[in-house]
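Colleague: I should be grateful for a close look at a single part of this model, set in the context of its surroundings. Please indicate also how far the prediction may be trusted.

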Amino acid sequence: MADPLSFYLEDDKTQPGTRSNFNVDYVIHYKLPTTSVKEKEEAEAAFIQLINALSAVGFATEVRPGGKSSLLVFTKIASEKLLTSQVYRYRIQDWLFGVRTSAPNQDLSKYLEEEPVSEAERLRLTYLLITKSKNEGGAGITAKVGKWKYVDSIFPLHDHDFNRRWIKAWSSKYFLDEEDLNRIRDKFGERVAFYFAFLQSYFAFLLFPAAFGFAAWLILGKFSWFYAVVNALWSVVFFEHWKTKEVDLAVRWGVRGVSRIQHPRPQFQFEREAQDPVTGEIVRVYSPFKRLARQLLQIPFALACVVVLGGLIVSCFSIEVFITEIYTGPFKQYLTFLPTVLLTIFMPTFSGLLTNLAEKLTKAENYETHDAHQASFIEKIFVLNFITSYLPIFLTAFVYVPFGKLLVPYLDVFKVTAQSFTTMEKPVTKSWEINPDRLTTQVIYFTVTAQIVNFLTEVIVPYAKRKVFKKVQEVQSEFTGNGHELQIKDHPDEADFLKRVRNEAELDAYDVTVDYREMVVQFGYLSLFSVIWPLAACSFLVNNWVEARSDAMKIAIGSQRPVPWRADSIGPWLNSLGFLSWLGSITSAALVYLFNKHDINPDGTPWDISAWALLLSILFAEHIYFAVQLVVRSLVQKLDNPGLQKERAERYALRKKLLEQTFGSHGYDADLTEEARGPGYVSSGERITREALEEEARVNATKTPEQLFWLRQRGAAETIEIGRGLMVQVAAANQTKS
């Protein structure tokens, strides 16, 4: 199997398999069972249904071997006429939902010349045709669900020529411009483009806190109230700016309001069908009370996260404090790694279990649409990330430092345990003194070291794991004598292409949620705890430059090409940013109050802290935050942007066109003008003859007084003339009277 990295390290001429995708729209990776005869028969029957379902909706199909236990089904829309009809149908839908300002032209050839179909739009509509239900005109194929359980994945092929140029261009520039984002949008859809737009906007905004944080680190030091105020103001400005920015991008990309178009989930289980009281259509109904009852399970889920993850973090935190600051016995230099080892072993395990539980709870809530399901799942994931990312620093800042002396005696259980495992008669512990640098060291770890570790686990480790796994498979095949099963004879014209496709089929699907989660957690560190170490923004600035390039590499090399879904915002993550921005104002106020004027007692005795003063500072900071947010929001909303200008221009052009069509100067408007002139109108160039007057008299003899009333004056010119004569008469009469 070819190494995907080689496609980018070697010259294009040496990689013929990357030059063309053979006009393939999607590849279906079909897994084959290797044990039970019944399963093999079932897989064969399902494969026949798969091909028939694809052919029934207009797909051309080709099948090739995918490996020793899988098939590759290549699909493409057989008729461009079918694609054109799909494009027209979904653009009409966009217009009906208000995404487009005007309806598509019925002259399709001219319309598609004016607004051609992008690669992302073609792939998106093709995927919908494969996956939407048969009732809606699709093939109804959903990977790993029901009778399609042998369908492992449905994915488009990478455009490696574009990927190579993309990575090369980004590696030599500091900032991404609008053209870069437009290229991503045309290849991977608006959902991925919005992530990179957010990352770029966040990166640009980090320039100020990085420079200001560096100056504050040199001049102001830690726990500066001035830095806390400026940092809180920055978080508000960035949050409000991004809210406006994503609207601007949605308008310019033509997807504003696209979230109103919801795609149904095949897994949705309805209770009954009923008639919509507003539209009259038949809809599938699931009891909202049952869903609410299941949504309330999020409360015990959150408590379970606090108990399980919080308990693990508190336990490892206590062990670390005991070993590093109290224990003096043998093997201390090795035992200091024990908390890290425990967290490395148990944290991924518990997080994985709770993530699976969150997924099951979300499925139990039984949402009708993909977007609602995803939003609910992200809310649960955010709770997990909040606990695992921020709880250790909260423990140090608000428990360990202020109340260490009161809590350390409870660590005697570790003292007794350590003493029982040693043969030394002298004590293996010492009197405890607080570590004043612990809080700063911890923040530096999460903002610097953890970012590096995350990069390694996100990019380097998966690549190395695939290499090792591939080597293990080769060795196992040699020892078991089944190496001949891997010898697949491809046609010479297809061999390089199929080798690449088999490699892409084994890659993981790209999930932009993972990257959003990383950036939101990072924003939380900056908003909540940068007052402890002002250089945090400098670390994030460097990290995010690398992050944009590594994420591009992850998409191009480490993942299957994502389905180019549309989006009009960053989704539920926007609420998470707002929450962290608000919480940052409170946390910063508390940290400044606790540490700005209070020296840390070496013996860890509690500080003389006025609870009412602490609470007052928190409430004051919160109210100032809300006031500043209102001011910034009003100012940002007054600023115009290209997207809204474009929207207003399109709507003005639409109104003007409709008015011209309805009340044009040569149509209905001319008829209204002619009617307003009246039947007795005489143009200025028309001669009044005796015959014409006699004919008019004969016609008027048959009219009623009401009709004759509007025939006394022939047009506006005669009305003006008679009116002027009446004015002269009135003036003369008034002069005679006087």
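Modeller: I shall take the annotated segment at residues 523-542 as the part to examine. Over residues 523-542 the chain is 70% helix and 0% strand, and the C-alpha atoms at its ends lie 14 Å apart. The model is a predicted one, and the segment's label comes from a record: an unreviewed UniProt entry lists residues 523-542 under "transmembrane region", together with 192-219, 299-323, 335-354, 382-403, 573-595 and 607-628. Another of these listed segments, residues 573-595, is 100% helix and 0% strand, and its end C-alpha atoms are 31 Å apart.

A residue from elsewhere in the chain touches both of these segments. Ser 224 is in contact with Val 531, Val 592 and Asn 596, leaving aside residues up to four places away in sequence. Ser 224 itself belongs to the loop that joins helix 9 (207-219) to helix 10 (225-252). Is Ser 224 buried or exposed? Its relative accessibility is 7%, and because buried means under 20%, Ser 224 counts as buried.

Helix 8 (residues 190-205) offers a check on geometry. At 1.5 Å a residue, its 16 residues should span 22 Å, and its end C-alpha atoms are indeed 22 Å apart, so the expected and modelled values agree. Of those 16 residues, 13 are buried, and helix 8 is therefore largely enclosed by the rest of the structure.

The protein also contains an open sheet of 4 strands, in the order 2-3-1-4, with antiparallel pairing. Strand 2 (59-67) and strand 4 (151-155) form its edges, each pairing on one side only. On average, neighbouring strands of this sheet are turned by 20° against each other, direction ignored. Within the sheet, strand 1 (residues 26-31) and strand 3 (residues 70-77) are joined in the antiparallel sense over 6 bridges; Lys 31, for instance, has Ser 70 in strand 3 as its bridge partner.

As to confidence, the protein averages a pLDDT of 80, and 77% of the residues score at least 70. Confidence is highest in helix 8, at a mean of 94, and lowest in helix 24 (residues 668-677), at 44. Over residues 665-677 the pLDDT stays under 50, and the model has 7 contacts beyond four places in sequence for this stretch. Where pLDDT is low, the predicted coordinates should not be read in detail.

Key. Residues numbered from 1 in each chain as written. Predicted model: local features only at pLDDT ≥ 70, side-chain atom pairs only at ≥ 80, totals over all residues. Heavy atoms only, no water. UniProt positions renumbered as here; feature names shortened; annotations may be inferred. Helix = DSSP H or I, 4+ residues; strand = E, 2+ residues; numbered from the N terminus. Buried < 20%, exposed > 50% of the residue type's maximum accessible area, 1.4 Å probe, protein only. Contact = heavy atoms within 4.5 Å. Expected span 1.5 Å × (residues − 1). pLDDT = per-residue confidence, 0-100. Pairing = 2+ DSSP bridges. Axes fitted to C-alpha atoms, helices over the stretch in contact; angles between N-to-C directions.
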